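Visitor: Before we begin, please show me the structure. I will ask how each label is justified.

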Amino acid sequence: MEIENANQIHAALMSRGLSCRSWALTKGYNPRTVQKCVQMFAPNTGLKPKWGKVSQTILRDLSVEIDFDLMGCRHG
């Protein structure tokens with residue numbers, strides 16, 4: 001599945017039976033922080049978190065969850 005925008009990230013989570021909020025809570029993240037990160041750093045924005053370690057960690061964990069590289073590099 002190709003993911004280009006925030007709505008497609010949400011759809012990928014939903015296909016796994018998760019909402020963005022439920023995923024955030026199970027991973028120990030603030031749901032608003034995850035929502036903001038998804039909106040700000042979705043692939044179509046062209047933005048990547050440079051300094052925010054929390055944002056980088058969220059995107060890395062989301063990449064693993066939805067099996068799509070949101071960081072522009074390979075994940076395990």
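Visitor: What share of the 76 residues of the protein chain counts as buried?

Guide: In this predicted model, 38% of the 76 residues count as buried. The label requires a relative accessible area under 20%.

Visitor: Which elements make up the protein chain?

Guide: There are four helices and zero strands, and from the N terminus on the order is α-α-α-α. The radius of gyration is 11 Å, close to the 11 Å that the globule rule gives for 76 residues, so the chain is as compact as a globular protein of that length. Along its principal axes, the C-alpha trace spans about 30 × 25 × 25 Å.

Visitor: Where is Thr45 placed?

Guide: Thr45 lies in the loop between helix H3 (31-41) and helix H4 (53-66).

Visitor: Why is Thr45 called partly exposed?

Guide: Its relative accessible area is 34%. Buried means under 20% and exposed means over 50%; Thr45 falls in between, so it is called partly exposed.

Visitor: What makes the approach of the Thr45 side chain to the backbone oxygen of Met40 a polar contact?

Guide: The cut-off for a pair of N or O atoms is 3.5 Å, and the side chain of Thr45 reaches the backbone oxygen of Met40 at 3.0 Å. That is within the cut-off, so the pair counts as a polar contact. The Thr45 side chain also reaches the backbone oxygen of Ala42, at 2.8 Å.

Visitor: Which residues does Thr45 contact, leaving aside its neighbours within four places in sequence?

Guide: Those contacts of Thr45 are with Gln39 and Met40.

Note on methods:
Residues are numbered from 1 along each chain as its sequence is written. This is a predicted model: local features need pLDDT of at least 70, side-chain atom pairs count only at pLDDT 80 or more; totals for chains, interfaces and linings use all residues. Side-chain values use heavy atoms; hydrogens and water are left out. Helices (H or I, at least four residues) and strands (E, at least two) are DSSP runs, numbered from the N terminus. The radius of gyration is taken over C-alpha atoms; the globule rule is 2.2 Å times the number of residues to the power 0.38. Buried means under 20% relative accessible area, exposed over 50%, partly exposed in between (1.4 Å probe, protein chains only). Contact means heavy atoms within 4.5 Å. A polar contact is a pair of N or O atoms within 3.5 Å; within protein, one must be able to donate a hydrogen and the other to accept it, and residues adjacent in sequence count only if both atoms are side-chain atoms.
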